[in-house]
Amino acid sequence: MTASSPHLDLDQARKVLDGQPFSRLVGARITAFGDGGATLEVDLREELQQQNGFAHGGVLSYAADNALTFAAGTALGPAVLTAGFSIQYVRPARGRTLVARASVVHAGRRQAVVRCDLLTVDGEGAETLCAVAQGTVLSAAG
């Protein structure tokens, strides 16, 4: 995540996400950004499924990584990089939309620890937790 200003708003965060070719390919969108948190959504179309009809684990990992990093950017500024993260799959992801809600657990001057809940939303709007991720994001500002 990069931009010229020290802090981003939702519209600027959306422009940063749109600048990522892979995010455009997946069809990701940021629906919330600020105050130590970020929410990223992906519609779970057929191309993003694995052979059993569930969202592919790589799609969940992608969503977690980006949500973690955008959330950290609200605390550390826009020049951030994921240092690493882990993800625990709770149940198969099946639904209309994947939602990755990330929030900063702790932020220092150079790094942040961030948690992300990954949920699916069905046609009636019911949410189901399908994975949990946690990661460390570093400031890349010089």
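Let's start with β4 and β5: these two strands run antiparallel and are joined by 10 bridges. They form a hairpin, with three residues between them. Keep in mind that this is a predicted model. From this hairpin we can work outwards to the whole sheet, then to the helices that pack on it, and finally to the core.

**The β4–β5 hairpin and its neighbours**

- Which residue of β5 does L98 face? L98 stands opposite T120 in β5.
- β5 also pairs with β6, again in the antiparallel sense, this time over 11 bridges.
- One spot to look for in this second pairing is V121, whose bridge partner in β6 is E127.
- β5 and β6 make a hairpin too, with five residues between the strands. In that hairpin, G125 takes a positive phi near 90 degrees.
- On to β2 and β4, which pair in the antiparallel sense over seven bridges. Here you can find T39 standing opposite R101 in β4.

**The sheet as a whole**

- Step back and you'll see an open sheet of six strands, with antiparallel pairing and the order β1-β2-β4-β5-β6-β3.
- Which strands sit at the edges? They are β1 and β3, and each of them pairs on one side only.
- On average, neighbouring strands of this sheet are turned by 20 degrees against each other, if you ignore direction.
- Edge strand β3 pairs with β6 in the antiparallel sense over nine bridges. If you want a marker for this pairing, Y89 stands opposite A131 in β6.
- A handy rule for looking at any regular strand is that the side chains alternate between the two faces of the sheet.

**The β1–β2 hairpin and its odd turn**

- At the other edge, β1 and β2 pair in the antiparallel sense over five bridges. G34 has G37 in β2 as its bridge partner.
- These two strands form a hairpin with two residues between them.
- Most residues other than glycine have a negative phi.
- What is the phi of D35? It is near 55 degrees, a positive value in a residue other than glycine.
- D35 lies in the loop between β1 and β2. Is D35 buried or exposed? Its relative accessible area is 86%, well, that's over the 50% cut-off, so D35 counts as exposed.
- β2 itself is mostly covered: six of its seven residues are buried.

**Helices on the sheet**

- α1 packs on the sheet by touching β1 and β2, and its direction makes about 140 degrees with that of β1.
- α3 packs on the sheet as well, touching β1, β2, β3, β4, β5 and β6. The direction of α3 makes about 135 degrees with that of β3.
- Two packed helices are described by the angle between their axes and the distance between the axes.
- For α1 and α3, the axes come within 12 Å and cross at roughly 140 degrees. Angles over 145 degrees would count as roughly antiparallel and 65 to 115 as roughly perpendicular, so α1 is oblique to α3.
- The crossing of α1 and α3 is right-handed.
- Where do the two helices meet? A13, V16 and L17 in α1 meet Y62, N66 and F70 in α3.
- Now find S61, which is in helix α3. With a relative accessible area of 18%, S61 falls under the 20% cut-off, and therefore it is buried.
- Leaving out residues up to four places away in sequence, S61 touches F85, I87 and Y89.

**The nonpolar core**

- In soluble globular proteins, nonpolar side chains tend to be buried together.
- The largest nonpolar core here has 39 residues, and L40, L98, C116 and L118 touch the most other members.
- Which elements give two or more residues to this core? They are α1, β1, β2, α3, β3, β4, β5 and β6.
- α3 gives the most to this core, with 11 residues.
- Remember L98 from the hairpin, where it stands opposite T120? Not counting residues up to four places away in sequence, L98 touches residues including L40, V59, L60, A63, L118 and C130.

Notes:
Residues are numbered from 1 along each chain as its sequence is written. This is a predicted model: local features need pLDDT of at least 70, side-chain atom pairs count only at pLDDT 80 or more; totals for chains, interfaces and linings use all residues. Side-chain values use heavy atoms; hydrogens and water are left out. A nonpolar core is a set of buried Ala, Val, Leu, Ile, Met, Phe, Trp, Tyr and Cys residues joined through side-chain atoms within 4.5 Å. Buried means under 20% relative accessible area, exposed over 50%, partly exposed in between (1.4 Å probe, protein chains only). Helices (H or I, at least four residues) and strands (E, at least two) are DSSP runs, numbered from the N terminus. Contact means heavy atoms within 4.5 Å. Two strands pair if DSSP finds at least two bridges between them. Axes are lines fitted to C-alpha atoms, for helices over the stretch in contact, and angles run from 0 to 180 degrees between N-to-C directions. Angles under 35 degrees count as roughly parallel, over 145 as roughly antiparallel, 65 to 115 as roughly perpendicular and the rest as oblique. A crossing is left-handed if the near helix is turned anticlockwise from the far one by less than a right angle, and right-handed if clockwise.
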